[in-house]
Amino acid sequence: MSRAHTTSGRFTVTSWDEKVIADIDGESTEINGVSYPKRGFSRADTTYAYSGDIEGTGIVAYLISYNPGFAPTSGFERFEGSIDGHDGSLVFQHVGDHDEQTVRATLHIVEGMGTGGLEGMTGEATVELAGHSDDGYDITLNYDL
């Protein structure tokens, strides 16, 4: 679906706290103090910092599945800040998947959850992350307001 406005920015991960909820096989791998099940799922409480035409902070609660090959992920994010000069807050619903190399997600703006200048915003953003980056990740948002 085409949207009336397109804007972009970058985001960085400022905190990530992940804990295993279910480890189906009891075969997890520990990396930097975090346990990742071979098959199962975790909850990650995450904070993002946004810059550019999308500026602010986001707090996210993710449910992350682990499965060889295709592994779906979902979450909700409360964004507070400014998008193209409109100040307020909104909620993104994250729907995506990941494998060993790439994370792909669509962030849908949840209608009825916005405040201030973002109250009536609708739309979605897409992200694709290939590996870790200390410099952040690009995000493009297509929206109506």
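**Core, ring pairs and salt bridges**

Visitor: Is Phe-11 buried or exposed?
Guide: Phe-11 has a relative accessible area of 5%. Under 20% means buried, over 50% exposed, and the range in between partly exposed, using a 1.4 Å probe and protein chains only. The 5% of Phe-11 lies under the 20% limit, so the residue counts as buried.

Visitor: In this predicted model, which residues do totals for chains, interfaces and linings use?
Guide: Residues are numbered from 1 along each chain as its sequence is written, and side-chain values use heavy atoms, with hydrogens and water left out. The model is predicted: local features need pLDDT of at least 70 and side-chain atom pairs count only at pLDDT 80 or more, but totals for chains, interfaces and linings use all residues.

Visitor: Which strand gives the largest share of the largest nonpolar core?
Guide: A nonpolar core is a set of buried Ala, Val, Leu, Ile, Met, Phe, Trp, Tyr and Cys residues joined through side-chain atoms within 4.5 Å; the largest here has 25 residues, and Phe-11, Phe-79 and Leu-90 are among those with the most contacts inside it. Elements giving two or more residues include strand 4 (40-52), strand 6 (71-83) and strand 11 (137-144), where strands are DSSP runs of E of at least two residues and helices runs of H or I of at least four, numbered from the N terminus. The largest share is 5 residues, and it comes from strand 5.

Visitor: How many residues apart in sequence are the parts that Phe-11 and Tyr-137 tie together?
Guide: Rings of Phe, Tyr and Trp (its six-membered ring) pair if their centres lie within 6.5 Å, with planes under 30 degrees apart called stacked, over 60 edge-to-face and the rest tilted; the whole structure has 8 such pairs. Phe-11 and Tyr-137 make a tilted one, 5.5 Å centre to centre with 40° between the planes. Because Phe-11 lies in strand 1 and Tyr-137 in strand 11, the parts tied together are apart in sequence by 126 residues.

Visitor: Is Tyr-137 buried or exposed?
Guide: The relative accessible area of Tyr-137 is 12%. That is under 20%, so Tyr-137 is buried.

Visitor: What is the angle between the planes of Tyr-50 and Phe-79?
Guide: Both Tyr-50 and Phe-79 are buried, and they belong to one aromatic cluster that also includes Phe-11 and Tyr-137. Their own pair is edge-to-face, 5.3 Å centre to centre, and the angle between the planes is 85°.

Visitor: What separation do the C-alpha atoms of Ile-64 and Gly-96 have?
Guide: Ile-64 is in strand 5 and is buried at 6% relative accessibility. Beyond its neighbours within four places in sequence, Ile-64 is in contact (heavy atoms within 4.5 Å) with residues including Trp-16, Phe-41 and His-98. Gly-96 is 32 residues away along the chain, and the two C-alpha atoms are separated by 9.5 Å.

Visitor: How far apart are the closest N and O atoms of Arg-39 and Asp-25?
Guide: A salt bridge puts a side-chain nitrogen of Lys or Arg within 4 Å of a carboxyl oxygen of Asp or Glu, and the structure holds 8 of them. Arg-39 is partly exposed at 33% relative accessibility, as is Asp-25 with a relative accessible area of 31%. In the salt bridge between Arg-39 and Asp-25, the distance of the closest N and O atoms is 2.7 Å.

Visitor: Which residues do salt bridges that share partners join into one network?
Guide: Arg-104 forms a salt bridge with Asp-99, with the closest N and O atoms 3.6 Å apart. The network formed through shared partners consists of Asp-97, Asp-99 and Arg-104.
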